[in-house]
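Colleague: Please pick one spot in this model and look at it closely. Then work outward from there, and tell me how far the prediction can be trusted.

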Amino acid sequence: MKKSTYSIFLDEERCTGCTNCIKRCPTEAIRVRDGKAKILADRCIDCGECIRICPNHAPIPQSDSREKTKQFKYTIALPDPALFGQFKTKPSPRQILAAVLALGFDGVYEVAWAADAVSIAIREFIREHRGEGPWLSSSCPAVIRLIQVRFPSLTEQILPILSPVEVAAKLAKEETSWQLDIPQQEIGCFYLTPCPAQVTAIRAPYHLEHSYVDGALAISDLYCELREKIAGAREQGEPVKATALGLTWGRVGGQTRAVQSDNYLAVDGIYNLLQVLEEIELGKFDNNIDFLECQCCQGGCVGGAFTVENPFVARVTLRRMAGQLRPKLEAEKEQKVLEYNRKGYYRAEKEVEPYSIMSLDKDIAKAIYMVEQSEKILKQLPGLDCGSCGCPTCRTLAEDIVCGIATETDCIFKLREQVQSLAEQMLALALKVPPVTLVQRQIMKTQREVLELAKRLPPVLAKRNQKSNQKKGGEEE
Amino acid sequence: MKGVSCLFQEPEVTSDFKNCENKNETGAESPFEHKVTLEFAVEGKNFRAAGEASSRLKHTLQHIGFPAPLVRRVAVAAYEAEMNIIIHANRGTLKAEITPKTVTIWAEDEGPGIPDIELAMQEGYSTAPDYIREMGFGAGMGLPNIKKCSDILEIETVIGAGTRLKMVIFNKTGPEREK
């Protein structure tokens with residue numbers, strides 16, 4: 001099985017082991033061990049939920065360093081549509097492109113422009129495959145990983161269309177190489193990304209053997225410099241190529257609008273997505289939807305972990321900015337895109353494969369045995385999902401126990417029960433004083449007190465025991 | 001027992017639910033074979049909990065590591081059966097027995113029963129009242145979908161008493177059983 005990659009790392013010094021992140025993770029990829037959170041590499045999908053919830057800012061998303069741009073003779077920046085919603089000063093889209101160029105790149109190629117073309121490719125694909133849906137959008141890499149990991153049967157419903165950033169890099173390299181006569185391998189395309197999942201997608205692409213993008217730079221890392229450059233930039237350089245439809249890809253609903261599907265659903269936020277994908281996998285939406293726009297972050301890409309502006313503000317800013325651009329592609333340009341589309345220019349090179357890492361064992365019979373055991377263990381656990389054991393839920397602890405990576409006494413309530421029984425045994429032993437020894441009454445008293453303390457169960461457990469006693473009583477009757 | 005009773009792909013007519021419970025229908029299952037049984041209570045008319053039991057069953061199958069297409073078939077069959085209980089019956093249970101080779105689901109309910117099974121098996125035929133259709137359910141695809149997804153389907157129903165569904169789905173890609 002291929003080695004998984006992810007782009008979120010943990011700063012151990014900052015992590016206090018508070019368990020906030022384990023509860024939030026949609027793929028149960030985090031455990032707390034020895035007082036520090038640990039990410040299970042196989043399960044991490046780079047959604048960024050832990051980054052948002054951590055009060056200590058311990059999870060750190062990694063992007064490429066700008067040093068990497070020095071490896072290339074000619075560098076092109078690929079700004080994501082979400083970048084355009086990041087500035088309170090409301091610069092024009094042209095000013096932003098000029099500022100990106102001023103960061104030290106040799107050229108700028110708009111991802112929003114590629115999004116215009118990708119929208120047409122998706123529209124055509126859905127038209128040709130009507131009734132086979134729902135087709136799931138393929139531009140959010142965290143969603144792709146989520147589907148691979150948690151909804152493996154839905155991988156074949158992912159649109160086999162490249163994401164706008166890959167198309168942008170492909171076009172940028174071809175055009176620049178042709179215009180300036182530079183070999184493609186000397187051109188470096190760098191994506192200004194709103195999210196860490198894109199960093200992973202470039203290193204381990206899901207639709208291609210090798211990504212056309214050479215590196216991903218976090219928007220948040222470049223933000224201060226960009227603001228300075230915008231302040232100094234006048235209207236200059238080439239006009240914006242993208243249309244309003246391409247630019248709105250940065251926010252939720254933008255894709256569906258651009259794709260012009262009348263039978264669609266646009267879902268943002270990973271928990272909402274979990275719910276909708278669950279329903280799709282159960283066959284609830286069959287034949288009702290052609291296109292499902294999936295956005296892992298609340299608000300779409302403007303809510304990415306590498307963005308700076310409040311996502312709600314960014315959404316409005318982006319919509320206003322789109323109003324400054326021409327509403328849609330000219331007919332002749334659309335014809336050109338359609339021609340490219342017929343040649344399969346925007347099509348994925350390979351299918352997204354299911355990546356089932358949730359299974360307990362490769363041997364099905366053994367896995368069934370393990371599930372049986374974990375169901376038994378689960379019944380013994382308090383069912384509070386408190387997270388004190390370092391697992392997100394009692395169910396995951398039970399699974400970890402059968403997998404041998406945790407023990408029952410990791411549960412503080414189980415530990416307490418064991419301490420109680422130990423105390424009882426100790427008392428019983430202590431009472432067995434040899435007849436020749438004088439019994440000291442004070443010691444006996446202390447021992448009784450200890451036993452009393454040990455007997456005091458936490459309220460939740462007392463309740464459970466009461467219930468189970470009642471049940472037993474009922475059965476006897 | 002009086003009433004209508006019908007079975008699919010097994011012509012034998014059984015009218016008592018409890019008798020079939022202990023039958024070993026999967027044939028040569030060895031007693032040492034690992035299997036796990038899950039049981040969920042399903043409450044009639046409780047749409048807030050709709051799909052919870054089938055979801056849990058699906059997750060368990062994923063944990064076991066069954067191939068994705070099989071998990072999908074079981075999930076869809078279980079979901080439709082669960083919805084049928086919620087829409088039509090007062091209460092019921094969804095029970096699943098999982099072995100490396102087969103997944104067997106029983107959906108048993110206390111409800112009105114199915115007056116005409118052949119009609120109910122037709123796509124688009126439904127007896128669901130309007131308010132349930134307005135919620136987007138009761139499109140008459142439940143039983144046809146279940147039939148599509150399962151390898152063996154048996155329906156037993158007693159008018160005014162309840163319905164019992166047995167669905168068997170084979171894991172055709174699974175490893176050969178050890179003898």
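Modeller: Start at A:Asp46, in the loop of chain A that runs between strand 3 (36–39) and helix 2 (49–53). This is a predicted model, and the backbone angle here stands out. A:Asp46 is not a glycine, yet its phi is positive, at about 65°. Is the residue buried or exposed? A:Asp46 is buried: its relative accessible area is 3%, and the cut-off for burial is 20%.

Chain B offers a counterpart. B:Lys45 also is not a glycine and has a positive phi of about 65°. B:Lys45 sits in a loop too, between strand 1 (36–43) and helix 2 (52–64) of chain B. Its cover is another matter. B:Lys45 has a relative accessible area of 40%, so it counts as partly exposed.

Now widen the view to chain B. It has six helices and five strands. Along the sequence they come in the order α-β-α-α-β-β-α-α-α-β-β. The chain has 179 residues, and 54% of them count as buried. It exposes about 8900 Å², with 51% of that coming from carbon and sulfur atoms. Now take contacts in chain B with a separation of 6 or more: 67% of them join residues 24 or more positions apart.

One element of chain B repays inspection. Helix 3 covers residues 68–88, which is 21 residues. From first C-alpha to last it reaches 30 Å, close to the 30 Å expected at 1.5 Å a residue. Helix 3 of chain B is also mostly covered, with 17 of its 21 residues buried.

Next, the charged pairs. Side chains of opposite charge can pair when their charged atoms come close. The search over all chains finds 30 salt bridges. Three of these pairs follow.

The first is A:Glu330 with A:Lys333, at 4.0 Å from N to O. A:Glu330 is partly exposed at 30% relative accessible area. A:Lys333 is partly exposed as well, at 35%.

The second is A:Arg395 with A:Glu375, at 3.4 Å from N to O. A:Arg395 belongs to helix 15 (residues 394–403) of chain A and A:Glu375 to helix 14 (residues 364–380) of chain A, so this pair ties together parts 20 residues apart in sequence. A:Arg395 is partly exposed, with 27% relative accessibility. A:Glu375 is buried, because its relative accessible area of 14% falls under the 20% limit.

The third is in chain B: B:Arg91 and B:Glu110 meet at 2.7 Å, N to O. B:Arg91 is in strand 2 (residues 91–98) and B:Glu110 in strand 3 (residues 102–110) of chain B, so the pair links distant parts of the chain, 19 residues apart. B:Arg91 is partly exposed at 46%, and B:Glu110 is partly exposed at 41%. Elsewhere, salt bridges that share partners join A:Arg123, A:Glu124, A:Arg127 and A:Glu334 into one network.

Then the packing. In soluble globular proteins, nonpolar side chains tend to be buried together. The largest nonpolar core here has 77 residues, and A:Leu78 and A:Ile122 have the most contacts inside it. Helix 4 (residues 111–128) of chain A gives the largest share of this core, 12 residues. What does A:Leu78 touch beyond four places in sequence? Its contacts include A:Tyr109, A:Val111, A:Val165, A:Phe190, A:Leu192 and A:Val213. Apart from this core lies another, of 53 residues, which includes A:Leu360, B:Leu57, B:Ile117 and B:Ile155.

Last, confidence. The predictor gives the complex an ipTM of 0.75 and a pTM of 0.83. Chain B has a mean pLDDT of 75, with 77% of its residues at 70 or more. Among the elements of chain B, strand 2 has the highest mean pLDDT (91), and helix 1 (residues 17–21) the lowest (35). The pLDDT is below 50 over residues 1–32 of chain B, a stretch with 52 contacts in the model beyond near neighbours in sequence. Residues 174–179 of chain B also stay under 50, and the model has eight contacts for them beyond four places in sequence.

How values were computed:
Residues numbered from 1 in each chain as written. Chains lettered and ligands numbered in written order. Predicted model: local features only at pLDDT ≥ 70, side-chain atom pairs only at ≥ 80, totals over all residues. Heavy atoms only, no water. Helix = DSSP H or I, 4+ residues; strand = E, 2+ residues; numbered from the N terminus. Buried < 20%, exposed > 50% of the residue type's maximum accessible area, 1.4 Å probe, protein only. Contact = heavy atoms within 4.5 Å. Areas by Shrake-Rupley, 256 points an atom, 1.4 Å probe, with all protein chains shown as cover. Salt bridge = Lys/Arg side-chain N within 4 Å of Asp/Glu carboxyl O. Expected span 1.5 Å × (residues − 1). pLDDT = per-residue confidence, 0-100. Core = buried A, V, L, I, M, F, W, Y, C linked by side-chain atoms within 4.5 Å.
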